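Student: I have a multi-chain model open. How should I read its interfaces?
Tutor: Let us take them one at a time.

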Amino acid sequence: MPESYCTEDIQKLINCSTSVSSTTTSPATNFLELQPLMTETEHDSKHDGEEKEPKQPQNNPLQGMMTCALKLVSYFSGDMYIFAKWMENQFLLVQIIDWVLRGAAQVMFVNNPLSGLIIFAGLILQNYWWALNGFVGTLFATISALILQQNRGAIAAGLYGYNGILVGLLMAVFSNAGDWYWWLLLPNIFMSMMCPIVSSALASINSRWDLPVFTLPFNILVCLHMVATGHFNLYFPQVLIQPRTETPNITWDELDLPKLFMSVPVGIGQVYGCDNPWTGGIFIISLFISSPITCVHAVLGSTVGMVAGLALAAPFGDIYFGLWGYNCVLACIAIGGMFYALTWQVHLLAIVCAFFCAYLGSAIANVMATFGLPSCTWPFCLSALTFLLITTETRKIFKLPVAKVTYPEKNLGFFWNLKKQWKMEKEKTKDEQEAIQEESILDEKEKLRLEERRMEEGGGESVTIVNENDETNVSDQEQQGTEEQNVRSTNVTEITHADYV
Amino acid sequence: MPESYCTEDIQKLINCSTSVSSTTTSPATNFLELQPLMTETEHDSKHDGEEKEPKQPQNNPLQGMMTCALKLVSYFSGDMYIFAKWMENQFLLVQIIDWVLRGAAQVMFVNNPLSGLIIFAGLILQNYWWALNGFVGTLFATISALILQQNRGAIAAGLYGYNGILVGLLMAVFSNAGDWYWWLLLPNIFMSMMCPIVSSALASINSRWDLPVFTLPFNILVCLHMVATGHFNLYFPQVLIQPRTETPNITWDELDLPKLFMSVPVGIGQVYGCDNPWTGGIFIISLFISSPITCVHAVLGSTVGMVAGLALAAPFGDIYFGLWGYNCVLACIAIGGMFYALTWQVHLLAIVCAFFCAYLGSAIANVMATFGLPSCTWPFCLSALTFLLITTETRKIFKLPVAKVTYPEKNLGFFWNLKKQWKMEKEKTKDEQEAIQEESILDEKEKLRLEERRMEEGGGESVTIVNENDETNVSDQEQQGTEEQNVRSTNVTEITHADYV
Amino acid sequence: MPESYCTEDIQKLINCSTSVSSTTTSPATNFLELQPLMTETEHDSKHDGEEKEPKQPQNNPLQGMMTCALKLVSYFSGDMYIFAKWMENQFLLVQIIDWVLRGAAQVMFVNNPLSGLIIFAGLILQNYWWALNGFVGTLFATISALILQQNRGAIAAGLYGYNGILVGLLMAVFSNAGDWYWWLLLPNIFMSMMCPIVSSALASINSRWDLPVFTLPFNILVCLHMVATGHFNLYFPQVLIQPRTETPNITWDELDLPKLFMSVPVGIGQVYGCDNPWTGGIFIISLFISSPITCVHAVLGSTVGMVAGLALAAPFGDIYFGLWGYNCVLACIAIGGMFYALTWQVHLLAIVCAFFCAYLGSAIANVMATFGLPSCTWPFCLSALTFLLITTETRKIFKLPVAKVTYPEKNLGFFWNLKKQWKMEKEKTKDEQEAIQEESILDEKEKLRLEERRMEEGGGESVTIVNENDETNVSDQEQQGTEEQNVRSTNVTEITHADYV
């Protein structure tokens, strides 16, 4: 029942909406090593600006209604910042529920409890036992992070929960002991509680390159559990996965178009290990609530994965089952607007990354099958990290500092502000340059006059001096171009070298 | 004959004991890239303090005897610092013997030649040929480090020898050519001599995170040799290791309790590839001589490994053979007091790490078996490195800078000194804060007086000014708390960012 | 037709040779993240010095001819710097041809279009289809780097092309679909275009340790393609590679000495996947043109690989086929003069590295065969990176900063200049030290005189003061030695920590 607490929330918020801007003293202690988990919760002072917008005088009733509706949407969309602020003063148990829901949604880079709730609904639709395991995983991962005294801001954003839900879910999915085998909760809880440890360790490494840890802790821990026990374990047997040993029989006549079409939502569902297309559809809705850009890239990624599967002669069954889609979904979201500011170039890069991810997915699936393992989300992690490590001399592909990542729409705002700043700096430099040039021209004119006077007295060497001055002017203009480039490069270094300051 | 040189040593030391404190000019050139091999040899001025203790007037003969006994113990326990100092002026060949013995003990993080000697005795008890290979490995690794002009302090601490002894031993253990196959010494010498190269290379990487290299060079080189030759090699065949392909038959009735109990010392023996429980027992003694904390954690680690083996339905044979123990032994020692300062929280962390290591051990053993490889000490290395990379906001889990690591007891001393320092700084800040508060209160009182005077003249705005002052006082007190946190965090950054200074 | 443009080039160059020194305004924007691809193109002002040499008065005709011949050689040898300068002002299409040729040669660390042309000739001799695929790969990798706006200097040096040629060639070599299967060009183009992305990402990581990326992008991408499709793929089947399962039948009587001798050039040919000894011979010539030191180390590396193969009981067929040679060729070139300044110690290190590489080659081949993969050049990459990460306290093993790497002969020049500088600094410090000593001696003499005067009055403590002074002098002399060491260590830190400044 999301409506009940939402209305409460709104009433509360309307009451205190005027005082919000004064009470937002940022409590987020900004530890660099903790940032690169996935997305960050830090909210700078620009939020106050957003708050102030509705204060404008509302002239006619329609406009007022529109503003009201927009305001209502703003409470549920994005990262539900106002709700998160309100939550800070609630009981710890209520807070944990919020963190668990955000953790469930953070798998898709969505920091939104409502999306998390809808995702849990999708999981329940798929399988009760899996949903329970997922919940237990998220809960214990969050508790473990609290015990280990990790950064409270990161915990509140669900950044310690999303690996937990995946560990819980996928351990249940790949277990060969059948549903409701209660002993499974034991390794589930142990592995979930290991999540924050592995997350923290990986963040220490990845922070050096300002990279998030993505779902690497989940990949490591689920593979660890599966390969440690294996198919032939007495207590915790895993499903049997074996490498392909013969050419699959693929005839294009057998291609089932409706199933192929269905593979797009199924691919999104497979991010959580679900093969039910309705579950996938519910996940798409949950993404749309928080961020339409994310939603579009998710669908795009799943489609790219399907096409790549067809191009690489994959068995149709795998494609229908969404196995070619889920990694591309995540990779396409991560590159397309989440960690890079969305431009056309970045959009294309996201599609290329999705193709590369599909290729890598096939490769990793074949390698892992040798050990009886599924490919998990390794392909997504490796391809997204590769594409985030690219350095280029163009500003059109701008990687956001991980500490500033929120959701694609807001990231764009951050990027546009930065662009304005760059432009102003550029113009400022131009003006200064022109001023200097004018001055030097005046200087030259004066010099010329002096020369002329001297010439009257006698001597010809002075002309060369003037020429030299001209040359320096030209090189000044050339420097102007490189200075712009310098501004860009210093911005880059500020970001990448932030961890040394 | 360890007695002979020990007595000599003591006589010499008693003679020069008064002059020790004046001659300790630290020659250890402190190269950052070289430090993170395992534990460090650097000794700060606190040693002089230890020397000065026996100088107290001895009132009664019993107290005198006690002091004398403690003094005698101090010569053999810990890292035998005084002996190491005395060794510095001996012949190179005698020094190399010391380095080889220290190298043999450094596998267990023990920088003590006496422990090394006892360990060699244990190895001889197990198998002459293996002991010979181990000795050759340590010797050539140390010689190679000398040729490559590595840091003399690190060589003297045996930090270039411990990988050598493991390479030598395990190449003999896993060789399928039988004992006394003399040709084996050729790859043994080559691989041992590669140890310092791989150590140095890994230290360059790990030093960026202030991490030691542990036994990674050994793991890399032994796996390299085994997989390069393999079971079907004509010259250097390896034992056949194959992945499990059926469910093992485990019935709890067949559990042999005495054998299970014996698996604890066997697990410690398996660190050196030995399955003789007496050898394991001898190793426990050698650990106790140097550091009781290390010894306790070794036994604890082996027990945790055994329990984990039972929990994960491992074949009993593997558990009896100590295969579940040796990685946990090393992981538990490393976390429990060696690289973290021992507190209750760290003690629990060490046990969790041992459990994680056991899980990882099973996983890696299954993966490596696919290539016909044993799991070596990969599980220990990976789990310990993961746990050393954790960052947390509590001070109770304090990672020592690798350059300051010696042995658990001394590490504790270092930590307590640091804690005192923090406390003093905290109190200092408190006092300063109080002084500032008092001042501001005085200021306020004066202002109030001024206000009163003005009030007499007329005006009421001044009251708000005083209120503002009160508010700043409150926020000052709040800041006090965060300042303490800052002190902590700066300490952390000093350590982790030490390599950039 | 290399002659045609070469003569043009020379005429052009002779005409403008006098103005070269004035026009060399370095356009290379020096982005640190982009440098560590392989070798660098940056040219410091020393080149102007080289230009000035021919200006010396030519006394007799023979000397003149010699100078002329040397000048001509200097146009074709090394990195053909003058030609590259001249190319900068040509059409983009002509430039791309230059970049593609340099890219083809950069596989062997040779930045020389003439060598590249000869290498393409060798490839055509081997197989038309492979040569075409190699060309397509280089071309599209270069184009992709241009689209991604990578550093123009690095592109012009062929640093974005060499992975492309290997990807193209080896995808054709390992394809099981037979020659002239045109569909193969599709994944070929996709993978080639991924090269700059993976290169850029890896450079971001390796730059932290000032390491080049070598052929890692090629290894990653070819393995990715091969394992993603596999032997049983319908569209892009790969050759079947399986792990060894029985002891090979090796009898020394069957050893074919001529074939063994031939395996040396074949090993060099296998760098490009070619088993034709004539092709290998042509490659040796192409290396000799650019750099004789590189050529010698290539032959040496191939020989070491052959010997290692015999020592490790490899099947003779593999040795004849050059599979033991090509990694050692690359490793020996990289260590022997390319990234380390060539001294006798480095020469020995290069041979040790080649042996290690051969060992590693066998290990990796066995591991990769489990996944149906060839070992590619992983062994070279891993062994060379390991040997480049070594830190040592001797100056004889001097790793050049990657930004300063050109070709062995020029690297030596850079190193000798640095050595001269060190010597001067050393002497300067010595002189200063002596001056200080003399001063202190004078001081002492004066003090002695003062003492004598006091002694006349009465007192004996003054003698000890003089002694103390003597002691400080001795310790000053000792410090002198450590200061020299400091000079060295600061040089090292300047290089390794360059990325933080």
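Tutor: Start with charge pairing. Between chain A and chain C, the count of salt bridges is zero. Keep in mind that this is a predicted model.

Student: How many residue pairs are in polar contact across the interface of chain A and chain C?

Tutor: There are 13 such pairs, with both residues at pLDDT 80 or more. Now the elements behind that side. Helix 15 (292–311), helix 18 (344–369), helix 19 (378–388) and helix 21 (462–496) of chain A each give at least two residues to the side of chain A that touches chain C. Helix 18 of chain A supplies the largest share, 10 residues. By class, this side of chain A holds 21 nonpolar, 13 polar and four charged residues.

Student: How is the size of an interface given?

Tutor: Often as the accessible area lost when the parts come together. Here chain A and chain C bury about 3,200 Å² between them. Carbon and sulfur atoms carry 67% of that area. On the side of chain A, W209(A), Y359(A) and E393(A) supply 21% of the area buried against chain C, more than any other three residues. In residue terms, 38 residues of chain A are in contact with 35 residues of chain C.

Student: Turn to chain B. How many residues does each chain bring to the contact of chain A and chain B?

Tutor: Chain A brings 35 residues and chain B brings 38 residues. The area buried between chain A and chain B is about 3,200 Å², and carbon and sulfur atoms give 67% of it. In chain A, the residues that lose the most area to chain B are R208(A), F232(A) and Y235(A). Together they make up 20% of what that side buries.

Student: What is the count of salt bridges between chain A and chain B?

Tutor: Zero. For polar contact, the rule finds 13 residue pairs across the interface of chain A and chain B, both residues at pLDDT 80 or more. Helix 11 (185–206) and helix 12 (216–229) of chain A each supply at least two residues of the side that touches chain B. The largest share of that side, 10 residues, comes from helix 11 of chain A. Its classes are 22 nonpolar, 10 polar and three charged residues.

Student: How are two copies of a chain related?

Tutor: By a rotation about an axis and a shift along it. In this model, a turn of 120° and a shift of 0.1 Å along the axis lay chain A on chain B with an RMSD of 0.1 Å. The two copies are therefore related as by a three-fold rotation axis. The copies use different surfaces: 14% of the contact residues of chain A recur in chain B.

Student: Where in chain A is confidence lowest, and where is it highest?

Tutor: The lowest is helix 2 (residues 20–23) of chain A, at a mean of 36. The highest is helix 19 of chain A, at 97. Chain A averages a pLDDT of 82, and 79% of its residues score at least 70. Over residues 1–34 of chain A, pLDDT stays under 50, and the model has 39 contacts beyond four places in sequence for that stretch. Residues 39–58 of chain A also have pLDDT below 50, with 39 contacts beyond near neighbours in sequence. Where pLDDT is low, the predicted coordinates should not be read in detail.

Student: What ipTM and pTM does the model score?

Tutor: The ipTM is 0.79 and the pTM is 0.81.

Conventions:
Residues numbered from 1 in each chain as written. Chains lettered and ligands numbered in written order. Predicted model: local features only at pLDDT ≥ 70, side-chain atom pairs only at ≥ 80, totals over all residues. Heavy atoms only, no water. Contact = heavy atoms within 4.5 Å. Buried area = accessible area lost by both parts, 1.4 Å probe. Salt bridge = Lys/Arg side-chain N within 4 Å of Asp/Glu carboxyl O. Polar contact = N/O pair within 3.5 Å; in protein donor to acceptor, adjacent residues only side chain to side chain. Helix = DSSP H or I, 4+ residues; strand = E, 2+ residues; numbered from the N terminus. Nonpolar A, V, L, I, M, F, W, Y, C, P; charged D, E, K, R; others polar. pLDDT = per-residue confidence, 0-100. Least-squares fit on C-alpha atoms with pLDDT ≥ 70 in both.
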